[in-house]
Amino acid sequence: SSHLVAARSRRIGASTRTRSPPNVTSERMAPSLEDPDQKTPDELAKHYSTDVSNGLTSRQAEEILARDGPNELEKPPKPTLLILFILQLTGFVIILLLVAAIASIAVNATGPNKEDILSYTTGKAIFVIVILNAGIAAWTEHKAGDALEALSKMTQAAIFVLRDGQEVKIEVPAVVRGDVVVLGTGDVVPADMRLVEADDVKVSEMALTGEPDDVAKTAKLKVKKPGEPEKLTPENMVFSGCSVTNGKGKGIVCETGMSTRIGRIAQLIAGDEGSKPKTKCGCLPDTSANATPLQQNLEKLGGRIGMIAIVVCIVIFIIGVAMDRTDPANPGSPAWLYMILIAVTLAVAAIPEGIPLCVTISLSIGCSDMVRKNVLVRKLAAVETLGSASVICSDKTGTLTEGKMTMVNMYTGTVSYDVEGKGFDPTVGSIRRETGGAEAGMDLGVRSSLLAALLCCNTSLSKVLDPETGEEKWEPKGNSSEAPIVVAARKIGFSES
């Protein structure tokens, strides 16, 4: 999910607050610290040469940024359409077809009908099939989105930090280790942080754990007992990409960029923990490790057909030469030359040039059907792999469900009401009496109950631009449990502002 920056109302018109000047003078920052959740705020501040009240100096931040790089996820270069097209031509079956096409043209170019254009039909047809097959597969993969794009969107554009004793708003990529970040409801955590202040802070860690429930956070140090397993998300730590759903707090940045938890996930997606990508043919990316069962079987089939064709051609050539078979149209030519042409012709006929095209067209049809059901296929051959699955182990929230709570019914003043609509759009649906279905937006019980509930909420609702579709959609900022209340209140004309 993507998040857009919404200025907090308490900061409108001012993005800086003056504090006492910092007393930090260290010029060189310490490396990352193991188990920051087991350190006190003072120990962390000393390790990163920062100050909890004043933050880093601008000079310190510039030095760390130059050393560690920007706080953003690294993206491997996306292969161009040309590279994807060339990759489709590196399969063994495709190489056999190309060799067969070249051999067919060469045989006809040296035959008695070399002036006849129609004699080259077989070779040309094979070339057209190969190019069409590679073009369909390359274009399908080119249109598919990148998984790392989704991870990189799980942050906001700017965040408040303490610099030179002032609270300033900076771009998220400029956040460095040792920065003291100020968090509020609706913010997206810009980096992995150890909380030093936490006022009723709750964070949605769905990006890391998949659990929809908000997690309460504290600044207190909880010493780990001997033999106690390490917690995936310690109570005094907040992690990059997670949104603050309630409260406000302050924390010291411990890890940025690819060193964060979300960065490690990005490395796993990129493969081999961010190691140098393997290549083949000198420059093309090697995707053999990710080959699907269909691709592996096609490679095996191509290898078998190629070996059988070569063996048969050799046997035919030896028998023909031994029997001194010559060209009837040109009896004076040597037998070995004529038998070479015969053997190559047999090899061309043995290669099933229709297999790649049939497979690609079949998978493309399956891919199109899945797209119509809002399933994006990154690799064309993965359609067959999905069809081969007999057991699918899936998390419920966010996968089978949207992870969005919606108010569907309310009870007030001894009367039950139905709340219509779906999702966070307050312009769709209304509130009606459960009995009779009469419009109830002006009922005193409904208005008083929703107004009282709305006044207890810190969540806001606004329209944001969806970067994937380019359309505007309604999105709440804050506690996920409060969002249905805000949406229902908006349906009868109330506003959280």
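## A three-stranded sheet

Strand β11 (residues 415–419) runs antiparallel to β12, and three bridges join the two. One spot to look at along this pairing is Val-419, which stands opposite Ile-431 in β12. Keep in mind as you browse that this is a predicted model.

Zooming out a little, β11 and β12 belong to an open sheet of three strands, ordered β10-β11-β12 with antiparallel pairing. The edges are β10 (409–412) and β12 (431–433), each of which pairs on one side only. On average, neighbouring strands here are turned by 30° against each other, if you ignore direction. As a quick refresher, strands of a sheet pair through backbone hydrogen bonds, and they can do so either parallel or antiparallel.

## The helix on the sheet

So what packs on this sheet? Helix α13 (residues 444–455) does, and it touches β10, β11 and β12. The direction of α13 makes about 105° with that of β10.

## Cavities

How many cavities of 30 Å³ or more does the structure hold? There are three of them. The largest has a volume of about 210 Å³. Its lining is made up of 14 residues, and the ones nearest the centre are Asp-37, Gln-38, Lys-222, Lys-231 and Pro-234. If you're thinking about electrostatics, the breakdown of that lining is nine charged, two polar and three nonpolar residues.

Next comes the second largest cavity, with a volume of about 80 Å³. It is lined by 15 residues, with Thr-406, Met-407, Gly-423, Val-487 and Lys-491 closest to its centre. Helix α14 (residues 483–491) gives the most to this lining, chipping in five residues. Here the split is eight nonpolar, three polar and four charged.

## Ser-480, just before α14

Where does Ser-480 sit? You'll find it in the loop between β14 (472–477) and α14. Is Ser-480 buried, exposed or something in between? Its relative accessible area is 28%, so it counts as partly exposed; the buried class would need a value under 20%, and the exposed class one over 50%.

Leaving out residues up to four places away in sequence, Ser-480 touches Pro-212, Asp-214, Thr-245 and Met-405. There's also a C-alpha distance to note: Ser-480 and Thr-459 are 21 residues apart along the chain, and their C-alpha atoms are separated by 8.2 Å.

Terms used:
Residues are numbered from 1 along each chain as its sequence is written. This is a predicted model: local features need pLDDT of at least 70, side-chain atom pairs count only at pLDDT 80 or more; totals for chains, interfaces and linings use all residues. Side-chain values use heavy atoms; hydrogens and water are left out. On a 1 Å grid over the protein atoms alone, a cavity is a set of points where a 1.4 Å probe fits but cannot get out, and a pocket is an open set with protein on both sides within 12 Å along at least five of seven lines; lining residues have an atom within 4 Å of a point. Grid points are joined across faces, edges and corners, and a volume is the space filled by probe spheres set on the points. Ala, Val, Leu, Ile, Met, Phe, Trp, Tyr, Cys and Pro count as nonpolar, Asp, Glu, Lys and Arg as charged, and the others, Gly among them, as polar. Helices (H or I, at least four residues) and strands (E, at least two) are DSSP runs, numbered from the N terminus. Two strands pair if DSSP finds at least two bridges between them. Axes are lines fitted to C-alpha atoms, for helices over the stretch in contact, and angles run from 0 to 180 degrees between N-to-C directions. Contact means heavy atoms within 4.5 Å. Buried means under 20% relative accessible area, exposed over 50%, partly exposed in between (1.4 Å probe, protein chains only).
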